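Work through the exercises below with the sequence and the structure at hand. Try each task before reading its solution.

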Amino acid sequence: MTLDDPEFLAKRSAYIDTIRTMGRPLRIAGFVAILIGVGLLLWARSNTALPAWTTWVAYGLLGAGWVAFIYVVVQRSRWVRANPFDPNL
C-alpha cells in the first residue's frame, strides 16, 4: 500500500473520523459549561446586586468544563495508544 492508494486513504480517514467522534457529547458539554461559566463570571463581577455565590458557581462551571475537556483528551489518547492505525486490517 502506498500513500496515494484510495483504499489506504479511506481506512485512514475512517480511523481519524473515529477518533474525532470519540467523546463529542462530553466535549461539547464542557465547552458549553465553560462559555456559561465565563458569561456568569463576567456578569457577577460587573453586577454588584448579584449574590456572592454566583462567582463560585461560575468558577465551578469553568472547572467542570475543563475537567470534561481533559477527560476526553486522556480517553482519546488512551484509545489511540491501544488501537494504533493499521492499514492492513
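## Exercise 1: Ala68

Ala68 is part of helix H3. The model is a predicted one.

**Task.** Decide whether Ala68 is buried or exposed, and find which residues Ala68 touches, not counting residues up to four places away in sequence.

**Solution.**
Step 1. The relative accessibility of Ala68 is 10%.
Step 2. Buried means under 20% relative accessible area.
Step 3. At 10%, Ala68 therefore counts as buried.
Step 4. With residues up to four places away in sequence not counted, Ala68 touches Leu26 and Gly30.
Step 5. A distance can be added: Ala68 and Asp17 are 51 residues apart along the chain, and their C-alpha atoms are separated by 20 Å.

## Exercise 2: Two threonines

**Task.** State where Thr54 is found and where Thr55 is found. Then work out whether Thr54 is buried or exposed, and do likewise for Thr55.

**Solution.**
Step 1. Thr54 is found in helix H3, and Thr55 is found in helix H3 as well.
Step 2. The relative accessible area of Thr54 is 7%, so Thr54 is buried.
Step 3. For Thr55 the relative accessible area is 18%, so this residue is buried too.
Step 4. Leaving aside neighbours within four places in sequence, Thr54 is in contact with Leu40 and Ala44.
Step 5. Not counting residues up to four places away in sequence, Thr55 touches Leu41, Ala44 and Arg45.
Step 6. Ala44 thus appears in the list for Thr54 and in the list for Thr55.

## Exercise 3: A salt bridge

**Task.** How many salt bridges does the structure hold? Which residue forms a salt bridge with Lys11?

**Solution.**
Step 1. There is one salt bridge in the structure.
Step 2. Lys11 forms a salt bridge with Glu7.
Step 3. The cut-off is within 4 Å, from a side-chain nitrogen of Lys or Arg to a carboxyl oxygen of Asp or Glu. The closest N and O atoms of Lys11 and Glu7 are 3.3 Å apart.
Step 4. Lys11 and Glu7 are four residues apart in helix H1, so about one helical turn separates them.
Step 5. Lys11 has a relative accessibility of 24% and counts as partly exposed. Glu7, with a relative accessible area of 46%, is partly exposed.

## Exercise 4: Packing of H1 and H3

A pair of packed helices is described by the angle between the axes and the distance between the axes.

**Task.** Describe how H1 and H3 pack, and list the residues that make the contact.

**Solution.**
Step 1. Helix H1 covers residues 6-21, and helix H3 covers residues 53-82.
Step 2. The two helices pack at an angle of about 150°, and their axes are 10 Å apart.
Step 3. Angles over 145 degrees count as roughly antiparallel. H1 and H3 are therefore roughly antiparallel to each other.
Step 4. From H1, the contact is made by Tyr15, Thr18, Ile19 and Arg20; from H3, by Arg76, Trp79 and Val80.
Step 5. Sorted by class, this contact has four nonpolar, one polar and two charged residues.
Step 6. Take Val80 by itself: not counting residues up to four places away in sequence, Val80 touches Tyr15 and Ile19.
Step 7. Val80 has a relative accessibility of 30% and counts as partly exposed.

## Exercise 5: Aromatic rings

Two aromatic rings are described by the distance of their centres and the angle of their planes.

**Task.** How many aromatic pairs are there? Are the rings of Trp66 and Phe69 stacked, edge-to-face or tilted?

**Solution.**
Step 1. Rings pair if their centres lie within 6.5 Å. By this rule there are five aromatic pairs.
Step 2. The centres of the Trp66 and Phe69 rings are 5.7 Å apart and their planes are at 55°, so the pair is tilted.
Step 3. Both Trp66 and Phe69 lie in helix H3, three residues apart, which is about one turn of the helix.
Step 4. Elsewhere, Phe8, Tyr15, Trp79 and Phe85 form one aromatic cluster.
Step 5. From this cluster, Tyr15 of H1 and Trp79 of H3 are among the residues that make the helix contact of Exercise 4.

Methods
Residues are numbered from 1 along each chain as its sequence is written. This is a predicted model: local features need pLDDT of at least 70, side-chain atom pairs count only at pLDDT 80 or more; totals for chains, interfaces and linings use all residues. Side-chain values use heavy atoms; hydrogens and water are left out. Rings of Phe, Tyr and Trp (its six-membered ring) pair if their centres lie within 6.5 Å; planes under 30 degrees apart count as stacked, over 60 as edge-to-face and the rest as tilted. Axes are lines fitted to C-alpha atoms, for helices over the stretch in contact, and angles run from 0 to 180 degrees between N-to-C directions. Angles under 35 degrees count as roughly parallel, over 145 as roughly antiparallel, 65 to 115 as roughly perpendicular and the rest as oblique. Contact means heavy atoms within 4.5 Å. Ala, Val, Leu, Ile, Met, Phe, Trp, Tyr, Cys and Pro count as nonpolar, Asp, Glu, Lys and Arg as charged, and the others, Gly among them, as polar. Buried means under 20% relative accessible area, exposed over 50%, partly exposed in between (1.4 Å probe, protein chains only).
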